[in-house]
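This report describes how the helices and strands of one protein chain are arranged. Please look over the sequence and the structure before reading on.

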Amino acid sequence: MSADTPTDVFEAHRPVLMGVAYRMLGRVADAEDVVQDAWLRWSGADHGRVREPRGYLVRITTRLAIDRLREIRARGEAYVGPWLPEPYVTDLADSAPDSADRAVLADSVSFAVLVVLESLSPLERAVFVLREAFGYPYAEIAAVLDRGEAAVRQLATRARRHVDERRPRYPVDPAERRDLTERFLAAAADGDLAALMSLLAPDVLLVGDSGGKAKAPVRVLRTADKVGRFLVAVTAAEAPTLSVRLLEVNGGVAVLALSDGKPDTVLQLDVADGVVHTVYLVRNPDKLRSLAAR
């Protein structure tokens, strides 16, 4: 241990711990609770016997997140309409200056990947997060999960195959995504259906998450015509009461719409080859609370 206090050590690792917990859970409040529980465990530990604080803290956080995920699933709560992760504000340009590292982190926290991770077992999800997002060696993951290395490799293979089979593979160009987002906003605000549809892939999807607590499609919309007409209609009805700004969530640029200063909607686009392939809309007010100070 260094001369830093236990609090200093923990705070230095908090961003990594939050990154692990959020990718495990897809819920900001639950991830924050897990990190707080990890702090309680850390504050009561014998720090003189901890050789590698980061590994120790990641192990605690991962195990707590697995327990929390199992609790959530055991409750078996029904969700109204499509489910999306709770938007999580990121700043990967600062936390991962290297563009290759940034791309990996952005992919691992994207809406598309987190939706697929919901269908993994808690152990598969933990292995995927530690291996794919944070580059942990199999031996270290085995120690974190108290499993044999061979078993961890099998979990990793299953998880990777599952994710690759179920998520779209769009090469992400941050500049292209930002440009299309700005043009998308302008076309929707002007009610220009033709301009909007020119930005949409023919088989574009719109996934709206309201949890039954706000207006959003209860099923995934498909095709440029349906998605374009829906967006023009909803923008005409609600845009006059909203203010919008851009921010980075889940590794990419997104639109935050506010009503009377309160978060109303988060919109993010998956883009490739100059067109939008998926539109994500999060309108569940419970999932927007963490954005209130943004």
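Two strands are said to pair if DSSP finds at least two bridges between them. The model discussed here is predicted, and its sheet is a convenient place to begin. Six strands form this open sheet in the order E2-E1-E6-E5-E4-E3, with mixed pairing, and its edge strands, each pairing on one side only, are E2 (221–222) and E3 (242–249). Strand E4 (residues 252–259) runs antiparallel to strand E5 (residues 262–272), and five bridges join the two; Leu256, for instance, has Val266 in E5 as its bridge partner.

Two helices and their relation to the strands are set out below.

| Helix | Strands | Angle |
|---|---|---|
| H10 (residues 174–190) | lies across E1 (200–209), E3, E4, E5 and E6 (275–282) | about 125 degrees to E5 |
| H12 (residues 224–238) | touches E1, E2, E3, E5 and E6 | about 50 degrees with E1 |

The nonpolar cores come next. The largest nonpolar core holds 49 residues, of which Met24, Leu117 and Leu145 touch the most other members. Helices H1 (6–25), H2 (28–43), H3 (53–75), H6 (111–117), H7 (122–133), H8 (138–145) and H9 (149–166) are the elements that each give two or more residues to this core, and the largest share, ten residues, comes from H1. When residues up to four places away in sequence are not counted, Leu145 touches Thr62, Arg63, Ile66, Leu123, Ala126 and Val127. A second core, separate from this one, has 20 residues, among them Leu180, Leu206, Leu231 and Leu281.

Key: Residues are numbered from 1 along each chain as its sequence is written. This is a predicted model: local features need pLDDT of at least 70, side-chain atom pairs count only at pLDDT 80 or more; totals for chains, interfaces and linings use all residues. Side-chain values use heavy atoms; hydrogens and water are left out. A nonpolar core is a set of buried Ala, Val, Leu, Ile, Met, Phe, Trp, Tyr and Cys residues joined through side-chain atoms within 4.5 Å. Buried means under 20% relative accessible area, exposed over 50%, partly exposed in between (1.4 Å probe, protein chains only). Helices (H or I, at least four residues) and strands (E, at least two) are DSSP runs, numbered from the N terminus. Contact means heavy atoms within 4.5 Å. Axes are lines fitted to C-alpha atoms, for helices over the stretch in contact, and angles run from 0 to 180 degrees between N-to-C directions.
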